[in-house]
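Let's work through a few exercises on helices and aromatic rings. Grab a pencil and have a look at the model first.

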Amino acid sequence: MGPRRSHGGWLWVFMFQLGAADCTHHCLSSSSDTQPFIPLTQTPTWQVESDGGCLKPLYNFAKLFIEAVQPNPFPEDIFTALKTEQLDIPQLVRYEAGYLVCMLLAGLYLLLMPVAGGVLAWRHFHSKKVEVSDTQSSTLSSLYHQDIGVAACLVLVTILLLTGVILAFTVNSRVSENMHLGLYHVETSARIMEDSLTSIPQKIEVIMEQFSIPKAEISKEIDDADDIIGATIISFFNTDVDKALTDLSASIKDAIGTIENLQLYLTTRTDLQANHTILQNGIQVLQSRVESLGKCPTCDFPDPSNLTTVANYYLIPSVDDKLNDMPPASSLAGLVEQGNLTFCAIPQKCSEQVAPTIAALLSELNETQEELLNTSHRFPSLESLTEAVSDCKTTVRRFAEPVDYYDFVRWAVSLTLCMVMLVIVVLMVAALSLGLPVLFYPTIYSTYPDARLEHTAIGLFRAAVVVTFMFSWLFILLVCVMLFFGGNAHTLGCQSWTNGQIFGFLDQQNYLFSSLNNTSQSFNTSQSLNTSQSPNIKETHQIQPSTSAIYHGCKRGQSLFQSMHMEQLFDLEDFLNASKYLDGFNETAQNLSVSLDGLKLLPDNGRQALLSFKQCGIDSINYDELLLLLSTPVVKTDLGVFADELDKKAELPANAGIKEDLKKEAETTRHLSTIVKQQQTNAAKMSQSVSALKIISTVYKANIDKTLESLTQTEVALYNQVPYIVGNVSHCTMEKGAQSLLRYLDWVRHAILYKVLDCRWLAVSLDNVYTAVCLNVIDPLNAFWLCLGWCCAFLVPGVIFSIYTARRLKPEPTFISKDTFILPEKKTENMKCHTEKAASNNYMTLEEIHERCMVSEYIKSK
């Protein structure tokens, strides 16, 4: 009878052998290398591009001018005074001294330009006739070269004015185009910064919620620990227990076989001996009767001398004492099943014993989650910085529409004045186009009578001068206003941002980072009321992060934690120190133990039954003699053959007188023959029992010794190895839990530093504000007043050269004496014409001078 397990026991072993075999060598095989933590979205950013392009040299020149006008550093004390409403006017005047000088120059321009223009106009319109003496004839050549120089200067001034007007139109259009887009970029950048700062505590909370993932894994490992312990024990000792129970099954089989064969032995012995007496008496009676029939001399009958028994079954020894020494079969029945159930009940026993420790481990896990969550609430707060950014965004949103409106007004005014400036330039260009050819080549337009072109050019020059005098004050006023606002915007905002001076001012604004120190103080105060203080909050002095370090750190890819030096307020390494959380687990896990005291694969009554079987003495029986006795024939003569012979003899005539007797004896013989056959059957049956007993007697003691030794060794191994198995499973469980916790804490570190506190969006947003405001709005604005001021500066020589050219084009009569007129031989034809005109004592127009020049040239040719 082999070892058998219950269906549930085999299923239990099969399941855990699949999942927990050889746990000592593959502790981490069941843990995943990656955990499905939720991905944290980062703030999307994009770079605003500058549209300076080919106008950058103009922008740079405007910057150089502003920096020359305003070389003072960022006025931190003035802004401080503005906040306290104790503004020092002299200090403000000293700071704006450069702009005051520019305003004074503009005032001089406003005063001198009309005065100088009026004087020049009066002289132009009220000058007396020039009386040219004979000594003036020598200056005509110098006047001609002077006209060339003045005309060249006027052309150059006109080109410069036209260039300035074109650039003014361009940059004015760019300011208007970029203003609305710049306001959008500023508001968008502020919104990005606000959303990013607001999302920091939310993302940290999400990170803490992700502890549910390692918690679930660790809880599963802890919950499975009891099953793994039982399954590991079954897996490790399954072979040994099977072997021991197989040996036990063999010994039980021997014992039960011995009992059955001994019982059969005794029953058969009784039958053999009882039948042997009946057979022996019957044969003796038969033999005597057959011999008595043989007294008839004429009868023929078989010889009855061989009718004797051979096997003496009374010689079969009794085995009652041995059967009495055998244990009851009931004490042996079910020992294998009982041992198998005892072995398979180990997992349940382990579960019951480790249940309190597992509950304590799960409680430690919940405490760890609570500690992580509570500590995360002590993370330095950026609420004050968020509020400041939110206020900036609100301000930008509130003033966006007014700024856009006033920029439209500025654009319209600037466009109008640029159109006026363009009219002045166009008038000058038209006057030059008509006047210069007449001035230097009077023969070209000889077909135009009454000096029409000269008068037209003079009128255009006069119109340009009049428009200049009328609107020059608006030009210079617009230049001053835009210089003041654009220059201060560049100096206070853009330049201070470029050279980093604004960072020093921001560092003095304590409210920006007040929440950092407030968080530390509040939690230190609350913790001081408790018996133990969290090591994550450091008791340090208040810190004031450097805005410059934050900006440049973010630009280099550092996180806010590093650039703001939050480590002075919050010990991140201690917060993410896995050993701090695992110490409690390890201490609790040390209490994980399983005791198998009282576990016996073979109960004491079973062991005693085997020992009784060993002492029964079946090996002392002489089985060879028994087998020889049982193999001995029951009788010498085959009674069936003898009965047939009697029947044959009864049919002989000679035996007619004893025929009936012979028939009767034949029937008796056949009856005795059935007893013989029964004896033979019993002898054969007993022979089988004896043979079985003989076989058992040779191995049963060795089998019992082997069984007891195997069971004892298996039980001792269970007692000795189970603590190591429990310790190993506990170590594996804690190692898997530690790996899950470490992966989570590593992910937390990376997520906080490089996802939550990643501040590249801050640097990009600030750069976008600088680009949108300074490069795309302030720079074109400054370039506009520079171009307009450029035009205002060149209007002065333009007016002077225009008046001079108009005077030279005016066909005024000239009185020159004939006696003093001397025409140099080496004069040009143009000068000859002038000389010929001067020979007359009459006032002549330019047309008359031209006609006389033509006559002179005709006579000379003749």
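Rings of Phe, Tyr and Trp (its six-membered ring) pair if their centres lie within 6.5 Å; planes under 30 degrees apart count as stacked, over 60 as edge-to-face and the rest as tilted. This is a predicted model, where local features need pLDDT of at least 70, side-chain atom pairs count only at pLDDT 80 or more, and totals for chains, interfaces and linings use all residues. Residues are numbered from 1 along each chain as its sequence is written, and side-chain values use heavy atoms, leaving out hydrogens and water.

**Exercise 1.** Find the members of the aromatic cluster that includes F37.

Solution: F37 shares one cluster with F211, Y744 and W747.

**Exercise 2.** Classify the pair Y405 and Y406.

Solution: Start with the full search, which turns up 16 aromatic pairs. For Y405 and Y406, the ring centres are 5.4 Å apart and the planes sit at 65°, so you call the pair edge-to-face. Next, check the surroundings: Y405 and Y406 are both exposed (over 50% relative accessible area; buried is under 20%, partly exposed in between, with a 1.4 Å probe and protein chains only).

**Exercise 3.** Now do W790 and F794.

Solution: Their centres are 6.5 Å apart with 55° between the planes, a tilted pair. Both lie in helix α24, 4 residues apart, about one turn of the helix (helices are DSSP runs of H or I, at least four residues, numbered from the N terminus). W790, at 23% relative accessibility, counts as partly exposed, and F794 does too at 26%.

**Exercise 4.** Is α24 largely enclosed or not?

Solution: 36 of its 50 residues are buried, so α24 is largely enclosed by the rest of the structure.

How values were computed:
Helices (H or I, at least four residues) and strands (E, at least two) are DSSP runs, numbered from the N terminus.
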